[in-house]
Amino acid sequence: MATAQLADQISRPNPALCVTSRRLSAPGKSPTNSCSFKTKTKQKAFRTDRNLKWALRLSLVEPRPTVDVKQLVDFLYDDLPHLFDDQGIDRRAYDEQVKFRDPITKHDTITGYLFNISLLKILFRPDFYLHWVKQTGPYELTTRWTMVMKFILLPYKPELIFTGTSVMGINPETGKFCSHVDFWDSIKRNEYFSLEGLWDVFKQLRIYKTPELESPKYQILKRTADYEVRRYSSFIVVETNGDKLAGSTGFNDVAGYIFGKNSKGEKIPMTTPVFTQALDAELSKVSIQIVLPLDTDISCLPDPNQQSIGLRKVEGGIAAVLKFSGKPTEDITLEKEKALRSSLIRDGLRPQMGCLLARYNDPGRTWSFIMIPIFMASDPNGKKSPFRSPFSWYCVCPAPH
């Protein structure tokens with residue numbers, strides 16, 4: 001499991017990224033000359049009081065000697081969540097000649113940038129989640145975000161997920177944004193035009209078949225080339241003892257509980273996945289678990305008929321996930337667990353003992369991916385994390401196919 005080091009990576013901007021946006025200026029020039037500056041006359045239409053204040057501040061003809069960066073931070077917290085909704089972002093916050101770059105797209109005007117946003121809305125129906133905004137330079141802000149998209153032109157509507165940071169340069173003469181550079185967590189070469197970035201898009205267009213059953217809810221905070229970092233909501237499991245990570249011992253007992261072998265004879269709807277959890281360093285103490293419907297109150301559930309079966313609420317938390325395909329034999333599961341643990345250590349994280357395998361069908365015959373719930377000292381907004389040991393399991397999990 002990870003400690004505060006994971007919080008640093010997710011909730012603190014990478015200082016190295018602060019340099020990149022300044023490379024947009026010519027060598028030897030000061031940040032003041034890094035963008036094409038234009039002043040504008042007073043704006044007329046105001047949608048909200050926030051926009052009124054913003055427009056009034058930007059309407060000054062004469063350049064301001066300083067920039068109110070704190071106000072810009074607050075503005076982005078309010079404005080960026082509207083990136084893909086009907087309200088949209090406020091274009092008055094950007095220079096007309098704003099420079100936008102991501103690994104596969106570039107525009108040099110606010111009109112081109114807004115056109116790109118409109119195209120994404122038509123083709124992908126994106127959902128945008130802003131995690132934080134921070135000042136990372138005298139005239140620079142950095143944001144961390146997650147974007148989830150579905151390519152609606154394909155019949156199976158594949159889901160594409162991107163996480164990363166945006167480095168936004170501020171024009172000190174106008175107080176507006178003059179550059180916006182995106183960095184994806186999933187690739188190393190983020191410079192435009194990145195073939196690695198294009199390949200990352202195509203990889204996510206593959207067909208995945210998942211059971212149309214309820215699963216624990218989560219949000220992806222960071223998606224790297226090797227694993228994902230997720231924040232899970234709480235959920236309830238019915239569990240009993242198992243024999244090994246890739247084994248199915250105990251499955252019939254917990255499945256019997258949801259099929260009506262309980263104190264009320266009540267049948268409970270099927271969900272996914274099936275978890276097998278190892279609690280020790282040797283991965284020898286194993287329990288097998290089935291997730292129960294998410295709207296269930298544990299106090300309202302019928303009691304198990306067998307003393308060896310128990311009900312438990314998992315309080316939610318942060319998880320690192322490594323996906324893999326193929327039948328999860330014990331050897332493959334242990335190999336993937338080792339690979340995931342190594343990746344976390346390589347990235348400066350400290351995984352704790354134990355692991356968890358999640359599968360989306362009967363444990364004896366399933367495709368697989370590896371998932372590792374982990375522990376964080378703080379959440380992506382830099383606040384103290386509410387998640388503690390109940391969710392601190394290191395997890396291996398089957399990929400949906």
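**Notebook: loops, cores and two helices**

**Entry 1: Lys157.** I started at Lys157 and found it in the loop between β4 and β5. Helices (H or I, at least four residues) and strands (E, at least two) are DSSP runs, numbered from the N terminus. Lys157 is not a glycine, yet its phi is positive, about 45°. Its relative accessible area is 44%, so I list Lys157 as partly exposed. The cut-offs are under 20% relative accessible area for buried, over 50% for exposed, and partly exposed in between, with a 1.4 Å probe and protein chains only.

**Entry 2: ground rules.** I am reading a predicted model, in which local features need pLDDT of at least 70 and side-chain atom pairs count only at pLDDT 80 or more, while totals for chains, interfaces and linings use all residues. Residues are numbered from 1 along each chain as its sequence is written, and side-chain values use heavy atoms, with hydrogens and water left out.

**Entry 3: confidence.** I looked up pLDDT, the predictor's confidence in each residue, from 0 to 100. The chain average is 80, and 73% of the residues reach at least 70. Residues 11–48 stay under 50, and for them the model has 70 contacts beyond four places in sequence. Contact here means heavy atoms within 4.5 Å. Residues 50–63 are also below 50, with 36 contacts in the model beyond near neighbours in sequence. Where pLDDT is low, the predicted coordinates should not be read in detail.

**Entry 4: whole chain.** I noted eight helices and 15 strands. Of the 401 residues, 52% are buried. The exposed area is about 19200 Å², with 53% of it supplied by carbon and sulfur atoms; areas come from the Shrake-Rupley method with a 1.4 Å probe, and for residues only the protein chains shown count as cover. I also looked at contacts between residues at least 6 apart in sequence: 69% of them join residues at least 24 apart.

**Entry 5: cores.** Which residues touch the most other members of the largest nonpolar core? They are Leu76, Tyr94, Tyr113, Leu141, Leu160 and Phe177, in a core of 36 residues. A nonpolar core is a set of buried Ala, Val, Leu, Ile, Met, Phe, Trp, Tyr and Cys residues joined through side-chain atoms within 4.5 Å. Elements that each supply at least two residues of this core include α4 (69–79), β1 (94–102), α5 (110–124) and β6 (177–184). Apart from this core I found another, of 14 residues, among them Val238, Ile290, Leu292 and Ile309. Back at Phe177, I listed its contacts outside four places in sequence, including Leu72, Leu76, Tyr94, Leu141 and Met168.

**Entry 6: rings.** I counted nine aromatic pairs. Rings of Phe, Tyr and Trp (its six-membered ring) pair if their centres lie within 6.5 Å; planes under 30 degrees apart count as stacked, over 60 as edge-to-face and the rest as tilted. Phe162 and Trp184 have ring centres 4.6 Å apart and planes at 45°, so this pair is tilted. Phe162 sits in strand β5 and Trp184 in strand β6, so the pair ties together parts that are 22 residues apart in sequence. Both residues are buried. Ring pairs also link Tyr94, Phe100, Tyr113 and Phe177 into a cluster.

**Entry 7: helix α6.** Which residues of α6 (195–203) are buried? I found Gly197, Asp200 and Val201. Seen down the axis, they fall within an arc of 100°, so they line one face of the helix; the arc is that of the directions from the helix axis to the C-beta atoms. Leu195 and Trp199 are exposed on the other side. The cover over the buried residues includes β5, β6 and β7 (218–223). In the loop between β6 and α6 lies Phe193, and the peptide bond from Tyr192 to Phe193 is cis, omega near -5°.

**Entry 8: helix α7.** Six of the eight residues of α7 (251–258) are buried, among them Phe251, Val254 and Tyr257. What covers them includes β9 (235–241), β10 (274–278), β11 (286–291) and β12. After α7 comes Gly260, with a positive phi near 120°. Pro273 lies in the loop between α7 and β10, and a cis peptide bond with omega about -5° joins Thr272 to Pro273.

**Entry 9: Lys313.** I closed with Lys313, in strand β12 (residues 310–314). Its relative accessibility is 41%, so Lys313 counts as partly exposed. Beyond four places in sequence, Lys313 is in contact with Ser234, Phe235, Ile236 and Ile298. Between Lys313 and Ile298, 15 residues apart along the chain, the C-alpha separation is 7.3 Å.
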